Every structure is written in C-alpha cells, then in structure tokens.
Amino acid sequence: MTEVPVLYSFRRCPYAMRARMALAISGHNCRLREIILRDKPEEMLAASPKGTVPVLVLPNGHCLDESLDIVNWALDKNDPENWRGRTTAHANEIAALVKTFDTGFKHHLDRYKYASRYADADASYHRGEAVPYLKDLQCRLQTNQFLFGPQRGLADITIFPFVRQFSIADPNWFRDQPWADLHTWLDSLIDSDLFRAIMVKYPVWSTGDPEPLFAPFNA
Ligand SMILES: N[C@@H](CCC(=O)N[C@@H](CS)C(=O)NCC(=O)O)C(=O)O
C-alpha cells in the first residue's frame with residue numbers, strides 16, 4: 001500500500017474542520033489520528049512541539065502544523081471545486097477576511113463561548129464585540145449566496161466552522177438576529193455532504209491503535 005500522510009485531528013476543532021474539508025475535497029487520502037487536547041500523543045508533539053491541531057505529517061517526514069498550510073497543500077494537489085482559482089481576483093481580500101476571523105473574531109468567540117475559562121471575561125460584552133464581524137458577512141451574503149460568489153470557496157470553508165461555533169453558544173439568540181442570509185449560508189454549509197462526511201466520529205487514537213483511512217469521498 002502506498003504510504004499516505006498522517007493527520008492529527010480533533011473532531012470539534014474549527015481549524016481541524018477546515019483541514020479535513022480541504023483534504024476530503026482534494027481526494028487525497030490520509031490516516032486519521034483523532035486526539036483529545038488534554039492528552040496529546042507523544043508522536044504528535046514530537047512532530048510539532050507547539051501542540052495544536054491540525055497537524056499533517058507527510059510520508060517524507062515534513063510536517064504542516066498550521067491549518068491554512070494544510071488547506072493549501074491539499075488544494076495544490078487537487079482543487080476540484082476551484083475553491084481558490086475562481087477567486088484569484090479577490091485573493092488578498094479573502095486572505096484578509098480569513099485573518100480577521102482567525103484573530104479578532106476568534107478572540108471574542110472564545111471569551112463569549114468559554115467565558116469561565118478567562119478571568120474577568122464578560123460573555124455578553126464579547127458577543128457584542130463579535131457582532132460587527134457577523135454583520136460584515138451578512139452584508140456580503142446579501143448579494144451572493146457565498147462570500148465571494150455563487151459557489152462555496154476558500155473563505156466560506158475556512159470561516160464557517162467558527163460561525164457555527166458562535167451560533168451554538170446560544171442558538172436562540174443567534175437565530176433571533178436579523179441575519180437571514182447569514183443563517184441560510186451557515187445552514188447550507190452545515191447541511192452539506194462535505195461537512196457531514198468530515199464530522200464522522202473516530203475513536204481516539206493512541207500508540208499502536210489502528211489508524212482509519214480518512215478518505216470520505218474515495219471509499
Ligand atoms: N493557528 C493554528 C491554530 C490551531 C489551534 O489553535 N487549534 C486548537 C484546537 S481548536 C488547539 O490545538 N489548541 C491547543 C490546546 O487547546 O491545547 C492553526 O490554524 O492550525
């Protein structure tokens with residue numbers, strides 16, 4: 001059997017979700033090692049001492065430990081829906097929007113959803129600070145079904161797992177906001193075959209355990 005990369009992943013991590021979606025759509029098989037954050041495998045820490053998921057270890061030993069690097073690696077192999085190509089004209093705008101969500105929005109998301117983990121964090125303050133980011137998406141989605149056009153692309157795939165997490169913190173509040181297009185966008189991405197396929201549960205891996213083949217659309 002051909003050697004394939006190993007992906008360390010945590011099912012509920014939004015960064016790992018984007019990596020799994022890109023790997024799945026690219027059709028590039030890997031072996032999946034599901035981890036839990038409070039007990040990371042030594043093998044993962046040896047490959048990437050910073051200790052975040054996702055981590056992709058290639059057969060040549062090279063290690064990618066930033067989600068966007070894994071996304072780009074997968075799409076370099078195969079980008080069948082043209083997630084990047086269609087939007088070349090917007091490449092800088094997309095990168096800037098993704099960065100805004102990975103930094104500013106994520107900061108407030110964590111303090112809204114997990115306020116008890118942060119000293120003095122006021123959940124409703126942080127929810128309010130996150131609102132402008134979501135209004136920006138709602139505004140973009142009034143003219144297009146997806147963030148940069150009529151079909152899903154890199155920005156949608158990399159950002160929606162964080163919006164999903166935000167919506168789950170208080171679903172009733174989220175649904176009460178006048179963001180109909182954002183709701184439709186989020187629902188369509190959550191209901192997609194792609195997302196369903198990458199959210200299948202795998203047992204937590206430890207040394208010596210079988211490593212399931214992660215090949216959602218190649219089985
Ligand atoms: N910049 C990194 C961030 C990844 C990240 O922070 N992942 C979280 C899980 S969602 C993590 O592994 N945190 C380490 C921990 O909680 O111990 C990336 O894009 O891959």
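**Sheet, domains and ligand shell**

Q: How are the strands of the open sheet ordered?
A: The order is β4-β3-β1-β2-β5, so 5 strands form an open sheet with mixed pairing, where two strands pair if DSSP finds at least two bridges between them. Strands (E, at least two residues) and helices (H or I, at least four) are DSSP runs numbered from the N terminus. This is a predicted model, in which local features need pLDDT of at least 70 and side-chain atom pairs count only at pLDDT 80 or more, while totals for chains, interfaces and linings use all residues. Residues are numbered from 1 along each chain as its sequence is written.

Q: Which are the edge strands?
A: They are β4 (63–64) and β5 (213–214), each pairing on one side only.

Q: In what sense do β2 and β5 pair?
A: Strand β2 (residues 30–34) pairs with β5 in the antiparallel sense, over 2 bridges. R31 stands opposite L213 in β5.

Q: Turning to domains, what does the assignment give?
A: It gives domain 1 (6–81 + 196–214) and domain 2 (88–192); the bounds come from an automatic or database domain assignment. Their C-alpha centres lie 23 Å apart.

Q: How many residues are in contact there?
A: In domain 1, 8 residues are in contact with 8 residues of domain 2, contact meaning that C-beta atoms, placed from the backbone, lie within 7 Å. Helix α1 (residues 14–26) gives the most to the domain 1 side, with 5 residues.

Q: And what surrounds the ligand?
A: The residues around the ligand include F10, C13, Y15 and E66, each with its C-beta atom, placed from the backbone, within 6 Å of the ligand.

Notes
Contact = placed C-beta atoms within 7 Å.
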